[in-house]
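These exercises are worked through step by step. Try each task on the structure before reading its solution.

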Amino acid sequence: MRMRFKPYAGPELAACPFHMNDATQYRGHWRETFARPEQPLHLELGCGKGGFLSRLASRHPEINYIGVDITDKVLILAKRNIERVYAEKGLAIDNVKTLAHDIERIPTLLDVPDRVERIYINFCNPWNKKANHKKHRLTHTRQLLLYRPFLVENAEVWFKCDDEDLFNDTLRYLPQAGFTVTWQTRDLHANEPAWNIRTEHEQMFTEMGIPTKALIARMDAPPVAAPGTGSPR
Ligand SMILES: C[S@@+](CC[C@H](N)C(=O)[O-])C[C@H]1O[C@@H](n2cnc3c(N)ncnc32)[C@H](O)[C@@H]1O
């Protein structure tokens, strides 16, 4: 489905207090941008229209959230969804931020002091037409290695998708980047956990009869240098 050009998106996002313009200036200082900086920080990569993020963040005021997407065309809808859901619950929007950034360049956005505890990646583009496109996947080993520096030890990646190949490949990418898969299912809705929040794409694929695959992975400690060698084992 093609997204229409939305000329109002830029000015409306520029005026939004929880949408972070010029986001790279906060690199290494994201926690300080929240009303409660001591709270855990979770990211959603490819947040799209924000159906998931708005419901998740409003359910958990004790956690701070950042939703990242590359295009204002969806971020404007995420902004409006967050405003609507928080207004319905009578909550102040003080634990969620959105921003536009290319996740393939995420080291320019986040740094070690940001200490992210969890990443959600939902229905990222599978890029499965040609093998050399796969490296653009948000769960590709190359990408996972870019996330490691700003994650705390034992941080988690929560991943959902419809695509069988992407799911199988992600099960391979994770250990290559030093993550251990601790839980997985190939049909999340067969016995849907109470914590699950269906995303826009999850709802769409479910209506098409395609099961949602899901996993949780934990980041392991980096390899320890062998004494005297200075090189990783
Ligand atoms: C298929 S949509 C899924 C949206 C939502 N997570 C859902 O489940 O409904 C993928 C989203 O990831 C975003 N995206 C893809 N590659 C990206 C990148 N390199 N940087 C930032 N966002 C990206 C797209 O703009 C799009 O909104």
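**Exercise 1. Helix α2**

Is helix α2 (residues 51-59) largely enclosed by the rest of the structure or largely open, and why?

Solution. Note to begin with that the model is a predicted one. Step one is the cut-off: a residue is buried when its relative accessible area is under 20%. Step two is to go through the helix and list the residues that pass, which are Gly51, Phe52, Leu53, Ser54, Leu56, Ala57 and Ser58. Step three is to weigh this list against the length of the helix: seven of the nine residues of α2 are buried, so the helix is largely enclosed by the rest of the structure.

**Exercise 2. The ligand site**

Determine which residues come nearest to the ligand, and describe the polar pairs there.

Solution. Step one: the ligand has 16 residues around it, and the nearest are Gly46, Asp69, Ile103, Thr199 and His201. Step two: look at the backbone of Gly46, where an N or O atom lies 2.8 Å from a nitrogen atom of the ligand. Step three: turn to side chains. An N or O atom in the side chain of Asp69 is 2.6 Å from an oxygen atom of the ligand. For the side chain of His201, the distance from an N or O atom to an oxygen atom of the ligand is 2.9 Å. Step four: consider the area. The ligand alone exposes 600 Å², and 87% of that is buried by the protein. Step five: place the ligand among the pockets; the space that the ligand takes is the largest pocket.

**Exercise 3. The two ends of helix α6**

Describe what is found at the start of helix α6 (residues 200-207) and just after the helix.

Solution. At the start, a side-chain oxygen of Thr199 comes within 3.4 Å of the backbone nitrogen of His201. Thr199 and His201 are also among the residues that come nearest to the ligand. Just after α6, Gly209 has a positive phi of about 85 degrees.

**Exercise 4. Gln143**

Locate Gln143, decide whether the residue is buried or exposed, and list its contacts.

Solution. Step one: Gln143 belongs to helix α4, which covers residues 141-147. Step two: its relative accessibility is 1%, so Gln143 counts as buried. Step three: the side chains of Gln143 and Tyr147 are joined by a polar contact of 3.1 Å. Step four: leaving out residues up to four places away in sequence, Gln143 touches Ile103, Glu104, Arg137 and Leu138. Ile103 also appears among the residues nearest to the ligand.

**Exercise 5. Positive phi outside glycine**

Compare the settings of Phe123 and Asn154, each a residue other than glycine with a positive phi.

Solution. Phe123 has a phi near 55 degrees and sits in the loop between β4 (116-122) and α4. Its relative accessible area is 9%, so Phe123 is buried. Asn154 has a phi near 70 degrees and is placed in strand β5 (residues 151-161). At 47% relative accessibility, Asn154 is partly exposed.

**Exercise 6. Ala23**

Which residues does Ala23 touch, not counting residues up to four places away in sequence?

Solution. Start with the position: Ala23 is in the loop between α1 (9-14) and β1 (41-45). With 7% relative accessibility, Ala23 counts as buried. The residues touched are Trp30, Leu99 and Leu109. As for Thr180, 157 residues from Ala23 along the chain, the C-alpha atoms of the two are separated by 31 Å.

Methods:
Residues numbered from 1 in each chain as written. Predicted model: local features only at pLDDT ≥ 70, side-chain atom pairs only at ≥ 80, totals over all residues. Heavy atoms only, no water. Helix = DSSP H or I, 4+ residues; strand = E, 2+ residues; numbered from the N terminus. Buried < 20%, exposed > 50% of the residue type's maximum accessible area, 1.4 Å probe, protein only. Polar contact = N/O pair within 3.5 Å; in protein donor to acceptor, adjacent residues only side chain to side chain. Contact = heavy atoms within 4.5 Å. Near = heavy atom within 4 Å. Areas by Shrake-Rupley, 256 points an atom, 1.4 Å probe, with all protein chains shown as cover. 1 Å grid on protein atoms, 1.4 Å probe; cavity = no way out; pocket = protein on both sides within 12 Å on 5 of 7 lines; lining within 4 Å. Sits in = over half its atoms within 2 Å of the grid points.
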